[in-house]
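Me: I'm new to this structure and would like to understand the words used for it. Could you go through them with me?

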Amino acid sequence: MIEKMTKIQIIGPKGLVDGCIRTLHAVAVVHIETVPAEIGIEDTFFKRLPIEKEKLREKEFLEKASVALKNLLLLLPRPEGCEREGVGAGDIKKVYAGAMRVGGRVRALNAEIDGLKEELTLIGKYERLLRGFAPLVPRLGGLKNFEVTGLTIEKTREDVPGLLSDEISRITGGVYEIFVEELDARTTGVVIAYPKKNAAPVRQLLSGKSISEIKLPEEYKDMTLIDALKRMERRKAAIPGLIKEAQREIEEISRAWYGRFVGLKCAVDDAIEEIGVLSYAAETRFAFIIEGWVPTRKFPALQEKFRETFGDRVMVRELEIDEREVESIPVHIRNPKILRPFEVFMSALPPPKYGSVDPTPYIAIFFPVFFGLIVGDIGYGVVIFIVGLVLRRRLRKKEVLGDIATVLMVSSLMAVVFGLLFGEMFGDLGERLGILHPLILNRVEALKTFMVLTLGIGLGHVVLGLVIGTTNRFLRGRKKEGWSKVITLLLLAVLLAVVAAVYGYLPGEFMRPGIVALVVLFVLLVVLEGIVGPLEFIRALGNILSYIRIMAVGTASVVLALVANRIGGMSDDLIIGIVVAGLIHSLNIILSVVSPSIQAMRLQYVEFMGKFYEGGDRRYRPFKKR
């Protein structure tokens, strides 16, 4: 149901503007709007309420604090069962100072972890090269007078190590050693030792493309090769423990502070919004003005709250809604608790226009019915209900997914009801066991009857959509559109009568006046809507035929269930037969969740809602704390 909205105006002395904004934040029912220029904002008497320099400085601090807290929360793992701690607006700076001290330690620990991981990577790169190069050290007479350089070379340049060896031999007069090691499928590692006196020309040579120097960590720079390898081994063994120790400390900090950080972030963002609301307001020399929208049923409570808080110093009054404003009224959908899970279908669409129709109650009736008609199996319905129940319990904190699970549970109950009417339980298993028989029809044997049933449902559903659209257009003063909908309904009724007369369900005398009526109504529709009118009528006929998909998908489901039972029954081994049948039934149950949901949704969105739904672009977003 789309709630009726009231436009309000709040006027009071400028000294109370901050208190009024805090009160609005607390009551959380007013959708605040910019005070329009039509009331004189741009003249000398009214002007936009300026934000004081002190407020701007405070906002700048709060925005920086918000970013810092967001980054800090990203560095902390969320503890299980963490509850947000409330932080008062007056405590923000004090708590923030403590948070930043803790945050400094968290950032230091994360930097330490990153450094340790980087060191571990470097050790892995150098270790293989140095181990292979170690036996060559005695031939060099030690490394004191030698420069050691590690390189990585692209595997595609296999000629580079040979060319390097020739050039370095020329530069050093043959006084050098080179060791080549395959690092991975794309990279070759090379370690070169050469006299320090030849360092400059050699380094110039090594600066070419496809060659990347491996930098030895600073702490290994002045060590001998053997000492460097020994230290690498010790560090390689110690680093995982050091990383775990740092991560453990971060987890302890998170358990102690995460809830407070989240509460502080919310308080900071709320304070930013309270300052930001000032830009929506206007002022006179002594007073401020704030305007917005509130659900009509909540308006008396809002007035009472301001009266209790400010007495007669602040006035909250209702404003008259101009015709030009109707299209921009924010839309607030509010349904009884039992219908709210079905609002999930509306989350994929823009909200309906104010004054139009909320389709949620109709979806809550027809979606489960269509789902049940397609699945139509007691066993499948029970399995789907259990799955939905488990999902709802596990996803109770995720509103949208929880609502989907609830819709699935309700729809599965309709599958059980229709399964009883169709005499189906895991296909014909109930009938084989002698405990179940069709009460209204057998879906496999009575395809024609099932098709007529679905067409009848489609006719009723489409006509209901047209009736809703017609009524709504007349109520909103759009009489021309309303009359075109009336003519479309009459055309459907006359066409149905003519078809009934053709097949002998009505006397033949209906034929001639029926055809005349069709021609007249078509002409009227063209006069009112142009060529679009007849096209809409033809689309309505196509929409009705679309409901045959209920029969088609439902029949496919029951046939697959029968196939599962027959294949399972063909096995000489009872266990194997049950397993094979169970696997096919499991596949069919998955399809019985996905396909019926898609088809039932399509019938709601296109065939039904297309007759009356008008999307808007403004949701009711009350000014409220996080």
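Reply: Gladly; this is a predicted model, and we can take the terms one at a time.

Me: Let's begin with helix packing. Why is helix 1 called oblique to helix 8?

Reply: Helix 1 (residues 17-27) and helix 8 (residues 299-310) pack at an angle of about 140°. Angles over 145 degrees count as roughly antiparallel, those under 35 as roughly parallel and 65 to 115 as roughly perpendicular, with the rest oblique. An angle of about 140° falls in none of the named ranges, so helix 1 is oblique to helix 8. Their axes are 11 Å apart, and helix 1 passes helix 8 in a right-handed crossing.

Me: Which residues make that contact?

Reply: Helix 1 brings Gly19, Cys20, Thr23, Leu24 and Val27, while helix 8 brings Leu302, Lys305, Phe306, Thr309 and Phe310. By kind, these are six nonpolar, three polar and one charged.

Me: What makes helix 17 roughly antiparallel to helix 18?

Reply: Here the angle between helix 17 (residues 548-569) and helix 18 (residues 574-608) is about 175°. The cut-off for roughly antiparallel is over 145 degrees, so helix 17 is roughly antiparallel to helix 18. The axes of these two helices lie 8 Å apart. Among the residues that meet are Val553, Leu560 and Ala564 of helix 17, and Ile584, Leu591 and Ser595 of helix 18. The contact of helix 17 with helix 18 holds eleven nonpolar, nine polar and two charged residues.

Me: How do you know that Pro352 is buried?

Reply: Buried means under 20% relative accessible area. Pro352 has a value of 0%, so Pro352 counts as buried. You will find Pro352 in the loop between strand 10 (315-319) and helix 9 (360-375).

Me: What is Pro352 in contact with, leaving aside its neighbours within four places in sequence?

Reply: The contacts of Pro352 include Ile2, Val331, Met346, Tyr613 and Gly616. As for Val148, 204 residues from Pro352 along the chain, the C-alpha atoms of the two are separated by 73 Å.

Me: Now to the strands. What makes strand 6 mostly covered?

Reply: Strand 6 (residues 187-195) has nine residues, and eight of them are buried. Again, buried stands for under 20% relative accessible area.

Me: And how do you know that strand 5 and strand 6 pair?

Reply: Pairing needs at least two bridges. Six bridges join strand 5 (residues 177-182) to strand 6, so the two strands pair. They run antiparallel, and Ile178 has Ile192 of strand 6 as its bridge partner.

Methods:
Residues are numbered from 1 along each chain as its sequence is written. This is a predicted model: local features need pLDDT of at least 70, side-chain atom pairs count only at pLDDT 80 or more; totals for chains, interfaces and linings use all residues. Side-chain values use heavy atoms; hydrogens and water are left out. Axes are lines fitted to C-alpha atoms, for helices over the stretch in contact, and angles run from 0 to 180 degrees between N-to-C directions. Helices (H or I, at least four residues) and strands (E, at least two) are DSSP runs, numbered from the N terminus. A crossing is left-handed if the near helix is turned anticlockwise from the far one by less than a right angle, and right-handed if clockwise. Contact means heavy atoms within 4.5 Å. Ala, Val, Leu, Ile, Met, Phe, Trp, Tyr, Cys and Pro count as nonpolar, Asp, Glu, Lys and Arg as charged, and the others, Gly among them, as polar. Buried means under 20% relative accessible area, exposed over 50%, partly exposed in between (1.4 Å probe, protein chains only).
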